[in-house]
Amino acid sequence: MKYIVIGAGWFGIRAVQAIESLSAESEITVLQVGSKDYIDISIANPRLAVEPEMVDVAYQPLTKAWKRANLIHIHEIKHVSSGEVIIIDTNGIEKTLEADGVIIATGTVQKSSLMKDSKGKSKEDRYAEFISFRNAVQNSKAGVLVIGGGMTGTELIAEVATDFPDVKCTLVNKPELLLAGSSKRSSMHKVVMKQLTKLGINVINNDYIEDVNEDYMGGPKTFTTKKGVKIDADVVILCVGGRPNIPFPVGDDAIDETTRGLVVNGAMLCENIGVDPTKPVWAIGDCTQYGGRGMFADAHIKAMLSSMVHFEKHGSTKAGPMSYNHKPSEECPCLVSVGRRGGAITLPFPNAMLGRALKSKDLGLKFIYNAQFKVKL
Ligand SMILES: Cc1cc2nc3c(=O)[nH]c(=O)nc-3n(C[C@H](O)[C@H](O)[C@H](O)COP(=O)(O)OP(=O)(O)OC[C@H]3O[C@@H](n4cnc5c(N)ncnc54)[C@H](O)[C@@H]3O)c2cc1C
């Protein structure tokens, strides 16, 4: 069978590995926008922002994660339907690619391109971005402001405050508690707040700043929160407002009204895009938001794989298994780093020591790359 995987992020790589495990005969083409040819699961970005040299460890070649998939860099996806994907190639030429099955794994877009690269930049471009952020922080006179106290914002401000103790750091978080989506949230909030305060970070919860739509590095500016608190900063990173990335036109019925992610069923099939069950279209990962935000890859991959096994055997996904089994993120263990010297984990109870031991050294990359992709760092 011929498969096309769109997106070479966390779930795209796992999809390739799943197809490779199905049969040695299958032909797999991976379409990746831009020029990204390395593993990038975003987890390391807060550390890379202060330690850009770590890209050489964090960004491993995609060829280490799969055996025989063919990576094609593209400019744009124009259309996806049963059996075909229309692309604009890197020379600007429109092409139609045919496949028996298509897997969409295009992730999310976030307001901060520093914290999440959905455009598929090269390793060199990402390195340059991280260097220019670090230089801006190093030269900051007015201070660094991070907006959004979820995992990304909390980790980023802690990295900055750890490596640049003389720079004024402020975190503004709309909810009363940090770490939305974390299990045992109120205890995790307390454990993490204590560490942020110790690092000298000014954490403002239960307040927000309107009208900032992108990261900023430049001359000093004053930002005013809804409650009237004035904050001076010359570096601002937006860690709010991520949304599913659906970079080609689809009908309204293909998008979930609440999550804005792609509608899929229990087999991760996008039946509104791939209407022909003999030429199925699956969607996995953050572009679906299926089962909630921050899903673990295993549940999506398992559900898709059993559907693929049925498809390979019967030539159709009709009456195939619907084996999706999701544990909401509030029930999953949450592991957060607080700079190089801090951290927190929810298991067995919210505590800093174990969190630090498991994550702060390399953000858990060595463990995750081995467990998820069989890639040794
Ligand atoms: C800073 C940060 C820290 C995080 N920390 C954690 C953590 O500790 N634990 C955890 O479980 N999760 C964490 N996450 C979330 C995790 O990164 C995502 O859940 C995961 O990456 C989702 O994988 P995905 O394959 O769906 O999307 P992505 O990994 O985003 O991959 C999508 C891929 O599709 C490509 N693409 C986009 N558009 C197109 C197109 N038109 N054509 C082709 N390719 C395209 C993108 O360039 C990208 O390579 C973190 C996220 C961020 C931003």
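**Exercise 1. Is helix α5 mostly covered or mostly open, and what length should it have?**

*Solution.* Start with the cover: twelve of the 13 residues of α5 are buried. Here, buried means that 20 or more other C-beta atoms lie within 10 Å of the residue's own, exposed means 12 or fewer, and partly exposed is in between, with C-beta atoms placed from the backbone. The helix itself is a DSSP run of H or I with at least four residues, while a strand is a run of E with at least two, and both are numbered from the N terminus. The buried residues of α5 include Met-151, Glu-155 and Glu-159.

Next, take the length. The expected span is 1.5 Å times one less than the number of residues. For the 13 residues of α5 that gives 18 Å, and the end C-alpha atoms are 18 Å apart, so the two agree.

A word on the model before going on: it is predicted, local features need pLDDT of at least 70, side-chain atom pairs count only at pLDDT 80 or more, and totals for chains, interfaces and linings use all residues. Residues are numbered from 1 along each chain as its sequence is written.

**Exercise 2. Find which residues of helix α7 are buried, and what covers them.**

*Solution.* First check the helix. α7 runs over residues 297-314, and its 18 residues should span 26 Å; the end C-alpha atoms are 26 Å apart, which agrees.

Then list the buried positions: His-300, Ile-301, Ala-303, Met-304, Leu-305, Ser-307, Met-308 and Phe-311. An α-helix has 3.6 residues a turn, so residues three or four places apart point the same way.

Now look for the cover. It includes α1 (10-22), β6 (101-104) and β14 (281-283). Finally, look just past the helix: Gly-315 follows α7 and has a positive phi, near 75°.

**Exercise 3. Describe the shell around the ligand: how many residues surround it, and of which classes?**

*Solution.* Count a residue as near the ligand if its C-beta atom, placed from the backbone, lies within 6 Å of it. This gives 33 residues, and the closest are Gly-7, Gly-9, Phe-11, Gly-107 and Gly-285. The elements that supply two or more residues to this shell are α1, β2 (27-33), α2 (45-48) and α5 (151-163).

For the classes, Ala, Val, Leu, Ile, Met, Phe, Trp, Tyr, Cys and Pro count as nonpolar, Asp, Glu, Lys and Arg as charged, and the others, Gly among them, as polar. The shell then has 15 nonpolar, 15 polar and three charged residues.

**Exercise 4. Where do the leucines with positive phi, Leu-179 and Leu-363, sit?**

*Solution.* Some background helps: most residues other than glycine have a negative phi. Leu-179 has a positive phi of about 60°, and Leu-363 has one near 65°.

Place each one in turn. Leu-179 is in the loop between β9 (169-173) and α6 (185-198). Leu-363 is in the loop between α8 (352-360) and α9 (365-373).

Then check the surroundings. Leu-179 counts as buried because it has 25 C-beta neighbours inside 10 Å. Leu-363 is buried too, with 25 other C-beta atoms within 10 Å.

**Exercise 5. Sort Val-16, Asn-272 and Pro-61: which is buried, which partly exposed and which exposed?**

*Solution.* Go by neighbour count. Val-16, in helix α1, is buried because 27 other C-beta atoms lie within 10 Å. Asn-272, in the loop between β13 (243-244) and β14, has 16 such neighbours and so counts as partly exposed. Pro-61, in the loop between α3 (55-58) and β3 (70-81), has 11 and therefore counts as exposed.

Now add the contacts, where two residues touch if their C-beta atoms, placed from the backbone, lie within 7 Å. Leaving out residues up to four places away in sequence, Val-16 touches Val-5, Ile-28, Val-30, Trp-66 and Ala-69. With that same exclusion, Asn-272 touches Gly-251, Asp-253, Ala-254 and Val-263. Pro-61, again not counting residues up to four places away, touches Asp-37 and Tyr-38.

**Exercise 6. What is the overall make-up of the chain, and how many helices and strands does it have?**

*Solution.* The chain has nine helices and 16 strands. Of its 377 residues, 43% count as buried.

Definitions and conventions:
A residue is near a molecule or strand if its C-beta atom, placed from the backbone, lies within 6 Å of it.
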